[in-house]
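Biologist: I should like to understand the spaces enclosed inside this protein and the core that surrounds its interior. May we go through them step by step?

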Amino acid sequence: MTQAAPFAEIWRGPFLESVHSGHAVICDDTGQIVQAWGDPTRVVLPRSSSKMIQALPLITSGAADLHGLTTEQLALACASHQGAAIHTDKVAIWLDTLGLTQSAFRCGPQDPDDVDAHEGLIRNGEKPCQIHNNCSGKHAGFLTLTQHLKAGPEYVDPDHPLQRACLDAFERVTQETSPGYGIDGCSAPNFACTLHGMARAMAHFAAAPEGSAEARLHQAMRLHPELVAGETRACTELMRAMDGKVALKTGAEGFFIAILPERKMGIALKAACGTTRAAECAIAALLIKLGVLDPNHPATLKRVNAPIRNWRGIETGILKPAAGLL
């Protein structure tokens, strides 16, 4: 098996203190590998990086158009948001239009990562609910499709018609038979594929014709980067830095994807250590390599050649991409 390739380095003064490694694939619109690091055949769980694929049946079934879903709602269906009011208010309205409450969700409550929302709950003596869950937009999309299918309420069951539709979509765009699934943090099944398969799927999204389900989803993400993640988050800040020309989506345990419509390319990567900082550094480095991200943009410099400071604010080191990525 091909070993993981160096992704990111942590330097403390003149010393190389740590090295993060991982696997990455860039694919073109034919599904062929343009360049790869590590093992393209590695079987992975894309985690939340696969939300655009999970949202495909919402459109292809006709449910999205029947319910008049907006580009904001499509972006939320692909989101791992941080529970800010801009996210939770829109999800609550979406649920209301379905005639449902948050009790219909199967994602579980989650304390919001957004500081204002978190502190607001404390001040009001309230507990977080399922709308605060970072996957609540995806689950609102799931509920919309569940109603359309007239299916039962346990929509996260792997044998539920909705999840079977998600698997069909997943295998279609990855062009692989999934070897199985793991249960994600939001309780939905997360289907596995090779890293090459995931990059192939993202290139498929990038090359999809105007008006297709794939194009509508990545366009919604690029149009509303603030809904896909939130302020200070890499997905949001880097999409803005590229003027909405590239769609980005993170996934738990060091996963990241990019959809480059103008280049008809897709990227998928997995930090072997599962750390966010390694994945963010690596995806930014590859976007710089492809010429779509300004290496000197402030959003870039938070992830690439980023200073590491101690509690007194003294710069003690630097996080930089491994030379092999550039």
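Modeller: Let us begin with a definition: Ala, Val, Leu, Ile, Met, Phe, Trp, Tyr, Cys and Pro count as nonpolar, Asp, Glu, Lys and Arg as charged, and the others, Gly among them, as polar. Please note also that this is a predicted model.

Biologist: How many nonpolar, polar and charged residues are in the lining of the second largest cavity?

Modeller: This cavity holds about 40 Å³ of space. Its lining consists of Ser50, Ile53, Gln54, Cys166, Phe170, Asn190 and Phe191. Ile, Cys and Phe count as nonpolar, whereas Ser, Gln and Asn belong to the others, which count as polar. The lining therefore has four nonpolar, three polar and no charged residues.

Biologist: Which helix gives the most to the lining of the largest cavity?

Modeller: The largest cavity has a volume of about 60 Å³. Among the residues that line it are Lys138, Gly141, Phe142 and Leu145. These four lie within residues 136–149, and the element that gives the most to the lining, with four residues, is helix H7.

Biologist: Which element gives the largest share of the largest nonpolar core?

Modeller: The core has 99 residues, and Ile267 and Leu287 are among those with the most contacts inside it. Ten residues of this core come from one element, residues 276–289, and that largest share belongs to helix H13.

Biologist: Which residues of helix H13, residues 276–289, does Ile267 contact?

Modeller: Leaving aside neighbours within four places in sequence, the contacts of Ile267 include Val25, Met202 and Phe256. Those that fall within residues 276–289 are Ile283, Leu286 and Leu287.

Methods. Residues are numbered from 1 along each chain as its sequence is written. This is a predicted model: local features need pLDDT of at least 70, side-chain atom pairs count only at pLDDT 80 or more; totals for chains, interfaces and linings use all residues. Side-chain values use heavy atoms; hydrogens and water are left out. On a 1 Å grid over the protein atoms alone, a cavity is a set of points where a 1.4 Å probe fits but cannot get out, and a pocket is an open set with protein on both sides within 12 Å along at least five of seven lines; lining residues have an atom within 4 Å of a point. Grid points are joined across faces, edges and corners, and a volume is the space filled by probe spheres set on the points. Helices (H or I, at least four residues) and strands (E, at least two) are DSSP runs, numbered from the N terminus. A nonpolar core is a set of buried Ala, Val, Leu, Ile, Met, Phe, Trp, Tyr and Cys residues joined through side-chain atoms within 4.5 Å. Buried means under 20% relative accessible area, exposed over 50%, partly exposed in between (1.4 Å probe, protein chains only). Contact means heavy atoms within 4.5 Å.
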